[in-house]
Amino acid sequence: MRIAGRTRGAPSGRACLTVLLLAIMLGGLAGFIVGAGPANRDSAAVLLAANRLERLMADLEQSQLRYLATGNTRSLRPWQAARAALPRQAAALQRLAAENGSEQDRRAREIVRAATAYLREHAEPLMTMARRDRHSARTLVTHAEGRRRIETIRRKFDHFADVQQRLVRARERDAVPAVRRMTATAAGVSGCLLLVFLASGLVRRRRPGTRVGLEWLDLDRLRRTSGEREGLRRLAALAAGKAPPEEIAAETARQMGRVLRAEHTMICRYEPDGTVRVTGHWSAPGAPPVMPPAEGRWPVEDDHVTAAVRRTGRPARLHGDRAAAGALGDWLAANEIRRFAGCPILTGERLWGMAAVLSRSPLRRTARAEQTMRQFAALAGVGLENAAHRAELAASRVRLIEAADAARRRIERHLHESTQQRLVAVGLELSAVERTVPPGMEELREQVSTAARDLREVIEGLQDVARQLHPAFLLRRGLEPSLRALARRTPLPVDLEAHGRQPPSWNSAMTVYYVVAEALTNAVLHAHASVVRVRLDLEDEVRLRIDDDGVGGAHPYPGSALAHLRDRAEALGGEFTIDSPAGGGTSVRVTIPADSPPAGPASA
């Protein structure tokens, strides 16, 4: 019969159809799992585009401040580059945000409009004015207007990034139940088809050795692709935030090692002294605990991967079993590491360092693995460059504060050593004249006495102005005695408590003094408070809290003294918050992290 003549083990048409349906279902499930990645990838691209635009705005502001402070025309090069790149980056942000939802599209358009307006209405006119007369461009009004615009744009950027990250988390939460539903559906349909096999006799007992079964899809590659996208997304979100360089390096090493399934990964930085320093490293679970070579630092020597990457700016590998020489070679041999691959990390156009993968077993050289290393190295470079810009901007803000304090100290010294002493001398002469007025000229004596009394009041007012400009008493006696003297001069009860004996740095002490002085002044002149409570803690970090029972309503609007004090605290890496509801009193909190040992003021 024809059926008997059929080839042994050949599947029937219905069996093939059923197998095909199973394959289609499994393929759809795998495609759904992998397809959850594009939304996260797009979100990472939007975050990266917004971060680059924010970095261009920071370059504009920093270059302007540097040029206004120094007059060095080389400071204009970053400004010109940022001005040229800003329209392109703004267009890229709008295009990516338009694909990510109407709300984010609207926010992106607001950011682009604000950035364009800042460039056309403030930055370009300011630099035009500065080229004509740099001193007139450094007025407080112009500076306050620029700061107000920049702060508004930064808040828009922060809100945009927060919303984008919430969208990413929401998509991840929505994707998990969908994957579970798809998996349950696939399992149910597979069970039904298996019952169909059993009922129709399509699944029969075969003789030993007969090949029965399905060629399952290999989802390993798909899982690696999804893991790579997830790792890149996490690193992009970190690079777009405010993470320090050490955290960026450690996360890059971890994500790159996890995606590439490496034994060890390192992020290394090229130092100016010709050495390489490890800033972040990672080892796979179960791998031997290998520490970075020579406590994380070794010289760049010839015939090494580190030297090849530094020389060419391109990826390099340690080929075959050829041993490297020097300190690095000894470390590799001691830990049985036979494969070493490196990829350059660029910050802008400059070679910053290298991302490295190390293994005791052979590394398969594939274009995919090299491309993955390039992607992680590129994102790490963006994050490290952003961190460097933030650190440089913070340092420049501290330098501006120190320069302003030095100028105040010079003015205070001039008032004390010149103007005040001359007024005191005039007062002594008036007192001498008053004593020599002959009897019978009481009206003249009264006029001279009134003039001497008015002069003493002028001298006292001048002393108050000098103390507000620069508290010389703070330099001589320290922070706590200066605050107690300030409280005694305040015409309302001040409850002052100070804890801790660790003296803060000079910048921190000045900031605390100015905040307390401004809070007491506001409590007397504007809040009409009956009592003020001041709490200062100097144990670890500087923590200050000031509360009054006045009418409230205080707000650090741009250009105000409170806004200046907030900028001063944030420039030192601290936080400044104020809670002042109408009719509910005012509460000011300042936190400044512990920094270098206390030092004296900058020399005037």
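**A six-stranded sheet and a helix pair**

In this predicted model, helix 6 (residues 245-260) lies across strand 1, strand 2 and strand 6 (350-359), and its direction runs at about 55° to that of strand 2. Helix 7 (residues 305-312) also packs on the sheet, where it touches strand 1, strand 2, strand 3, strand 4, strand 5 (339-347) and strand 6, and its direction makes about 30° with that of strand 5.

The sheet itself is open and is formed by six strands in the order 3-2-1-6-5-4, with antiparallel pairing. Strand 3 (297-299) and strand 4 (316-317) stand at the edges, and each has a single partner strand, so one side of each is left without a neighbour in the sheet. Within this arrangement, strand 1 (residues 264-270) and strand 2 (residues 275-283) pair in the antiparallel sense over seven bridges, and Arg 269 stands opposite Arg 277 in strand 2.

A further packing arrangement involves helix 13 (residues 506-525) and helix 14 (residues 561-571), which pack at an angle of about 160° with their axes 10 Å apart. Because angles over 145 degrees count as roughly antiparallel, helix 13 is described as roughly antiparallel to helix 14. The crossing of helix 13 past helix 14 is left-handed. On the side of helix 13, the contact is made by Asn 507, Met 510, Thr 511, Tyr 514, Val 515, Glu 518 and Asn 522, which meet Ala 561, Leu 562, Leu 565, Arg 568 and Ala 569 in helix 14. The residues of this contact divide into seven nonpolar, three polar and two charged.

Notes. Residues numbered from 1 in each chain as written. Predicted model: local features only at pLDDT ≥ 70, side-chain atom pairs only at ≥ 80, totals over all residues. Heavy atoms only, no water. Pairing = 2+ DSSP bridges. Helix = DSSP H or I, 4+ residues; strand = E, 2+ residues; numbered from the N terminus. Contact = heavy atoms within 4.5 Å. Axes fitted to C-alpha atoms, helices over the stretch in contact; angles between N-to-C directions. Parallel < 35°, antiparallel > 145°, perpendicular 65-115°, else oblique. Left-handed = near helix turned anticlockwise from the far one by under 90°. Nonpolar A, V, L, I, M, F, W, Y, C, P; charged D, E, K, R; others polar.
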